[in-house]
Structures are given as structure tokens and as C-alpha cells.
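Welcome, and please open the model in your viewer. We will go from stop to stop, selecting as we go.

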Amino acid sequence: MAGVSRLQYTTEIRLIRVMCSGRVDLEFVLRAFSNGSDGVFIGGCRLNECNYITEGNYDALNMVLLCRKIMEHIGLNPERLRIEFMSSGEGILFTKVMNDFGKKVKELGPLGKGEEIDEDELKSKLEAVTKLIPYIKLVKREKLALHLDKEEEYNELFTSDEVDRLFREVISYHIDPDKCQACMICLKKCPVEAIVGGKNQIHVIDQEKCIKCGTCFEACPPRFGAVKKISGEPVPPPIPEEERTIVRKSKKK
Ligand code: SF4
Ligand code: SF4
């Protein structure tokens, strides 16, 4: 409506249209920051006025509330991310919000500089958080699906302590090379092909690909118990490729 009514608003924004605000994933927001955006604004339909039964605007709201806490955790000003709900007929409101947000982002300055974070440090922090997105979404799935009725509840949905703990206690999975029997069960069940292995080969988890879903931990037969959950300590390095072959006793001379 803002365009049709010839309303003027800041020219510093780039509009990306999606079919529903619920389509805006946490990864999209972090990618926008990684690609140099100084602020991200998400506009959604008014809560409880979704045209469909999906009510994706609640998903968008919860994602933003979580993302703002994550931003605080890595030292970014959470005001760089804003969500507002309005109807397509509210051109004047859209214009006002856009101008307000543009002004706010200008006050905050370029991403990272405003927060006095070194460019390389910011890049590596954003990369580290981006890698953990599937894990974060898995661990916080119940809260991310909530429909909050009152605005006062928004601030309490995710707390800084909770997000700090989430990162402190992040879980990794590791295959103990002394226990792995190369049964290949975990390899077949891993949803993202993060397990490297084969017949008579000790299996290894590619930590770069692993989304920390825990499937391998559940799938490894208890009599082997080779998959370990690790929290609060570094994951041991993978066993070198040339040492992965298992020589069964019956085949030893
Ligand atoms: S935790 Fe999930 S993603 Fe990671 S290796 Fe195990 S099954 Fe694959
Ligand atoms: S399920 Fe357990 S024993 Fe079997 S390959 Fe995976 S880690 Fe090794």
C-alpha cells in the first residue's frame, strides 16, 4: 500500500518478499548479517489474522525473540533485528516503521563497528552460531512453536541465561574408536551423511557436517556403546584414516 499511495520511506532497505513471515528462518537472518547487513526487519501479518491455519507469524516472532538473545550472546546489539505485524493496507504504518528502523540502524552504525567487535572475530562468531542452527532449532523446538498471547510474555520466552547455557552446554557426538565395531547402523541412520565409515572401518563423525541430532547415539547397539555424548569439553580428533581398519580376531594369524 505504501508504494501505491506514493508514501516515501528510507531508500536504504532492500525488500525480499516471502509468502509468509514464518518462512524467514534463523539462518536467513544470520546470513544477512554475515553478508554485511546492518539491520534486519521482518514484517508479518497481524497475529491471529493469518489467512491460513499455519500462523507462521508466531513462528517468525519466536525465531526473532531467540535470535535477539543469540545476538546479545555474541555481542551484537539486538535492536538490529526487528519484527512488526501489520496488514497490507497499513501503508502509513509501514512507512513509519521503516523510517524508524532505518534511523535506529544508522544510530547503531555499521554491524560490529558499533559494538566494537573486530571484523574477523564477528565473522567467526557468526559462522560458529550458523553451524549450530540445526542444533538450536532442535533443542528449542517446543518454545519456537509456542503461540504467545500477551506481549509481556515475549521478553520471558527466551532468557539470556538460557541462551548462554545453550552455548556452554552444546552437545557433540564422538565415536570411540576402541569400541566401534563397524556395524554401519549409525552411518545408515545419520540424516545428513555426517558419518564416515564402511565395512571393517572404524566410523568417524565429520563434526563440520554433524547437526547434533543424537540419532547415532540412540542407534549404536548398547553392547557396543561406541557413540559418546560430549559437553563442555573438546571433541577428540578423528582417528587417522590409515588406522581405521578393524582386524577381526578370526582373521588374525
Ligand atoms: S548426531 Fe546426528 S547428524 Fe551427527 S553424526 Fe550423529 S546422526 Fe549424524
Ligand atoms: S553403530 Fe556404533 S558400533 Fe556400529 S558403526 Fe556406528 S559407532 Fe560403530
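Helices here are DSSP runs of H or I with at least four residues, numbered from the N terminus. Keep in mind throughout that this is a predicted model.

**Stop 1: helix α2**

Select residues 56-73, which make up helix α2. This helix has 18 residues, and the distance from its first C-alpha to its last is 26 Å, close to the 26 Å expected at 1.5 Å a residue. Turn on a surface and see how much of α2 disappears: the helix is mostly covered, with 14 of its 18 residues buried. Now move just past the end of α2 to Gly75, where phi is positive, at about 90°.

**Stop 2: α1 and its two partners**

Keep α2 displayed and add α1, which spans residues 26-34. How do the axes of α1 and α2 cross? They come within 10 Å of each other, at roughly 40°. That angle makes α1 oblique to α2. The crossing of this pair is right-handed.

Next, bring in α4, residues 119-131. Here the packing angle with α1 is about 165°, and the axes are 10 Å apart. Angles over 145 degrees count as roughly antiparallel, and α1 and α4 are therefore roughly antiparallel to each other. Check the handedness too: α1 passes α4 in a left-handed crossing.

**Stop 3: Lys137**

Go on to helix α5, residues 133-139, and pick out Lys137 within it. Is Lys137 buried or exposed? The answer falls in between: Lys137 is partly exposed, at a relative accessible area of 32%. Try a distance label from Lys137 to Leu111, C-alpha to C-alpha: the two are 25 Å apart in space and 26 residues apart in sequence.

**Stop 4: ligand 2**

Select ligand 2 and expand to the residues around it. There are 13 of them, and the closest are Cys180, Gln181, Cys183, Cys186 and Cys220. Colour this shell by class and you should find 11 nonpolar, 2 polar and no charged residues.

**Stop 5: ligand 1**

Do likewise for ligand 1. It is surrounded by 13 residues, with Cys190, Cys210, Cys213, Gly214 and Cys216 the closest. By class, the shell of ligand 1 has 10 nonpolar, 2 polar and 1 charged residues.

While you are here, select Pro191, in the loop between α9 (185-189) and β4. Pro191 counts as exposed because its relative accessibility is 51%, and the cut-off for exposed is over 50%. Then draw a line from Pro191 to Cys213: their C-alpha atoms are 8.5 Å apart, although 22 residues separate them along the chain.

**Stop 6: two positive phi values**

Before the last selections, a reminder: most residues other than glycine have a negative phi. Which value does Asn200 take? Its phi is near 60°, a positive value in a residue other than glycine. You will find Asn200 in the loop between β4 (195-198) and β5 (201-205).

Finish at Lys212, in the loop between β5 and α10 (215-219). Lys212 also has a positive phi near 60°, and is likewise a residue other than glycine. Show the surface once more: Lys212 counts as buried, because its relative accessibility is 11% and the cut-off for buried is under 20%.

Technical notes:
Residues numbered from 1 in each chain as written. Chains lettered and ligands numbered in written order. Predicted model: local features only at pLDDT ≥ 70, side-chain atom pairs only at ≥ 80, totals over all residues. Heavy atoms only, no water. Helix = DSSP H or I, 4+ residues; strand = E, 2+ residues; numbered from the N terminus. Expected span 1.5 Å × (residues − 1). Buried < 20%, exposed > 50% of the residue type's maximum accessible area, 1.4 Å probe, protein only. Near = heavy atom within 4 Å. Nonpolar A, V, L, I, M, F, W, Y, C, P; charged D, E, K, R; others polar. Axes fitted to C-alpha atoms, helices over the stretch in contact; angles between N-to-C directions. Parallel < 35°, antiparallel > 145°, perpendicular 65-115°, else oblique. Left-handed = near helix turned anticlockwise from the far one by under 90°.
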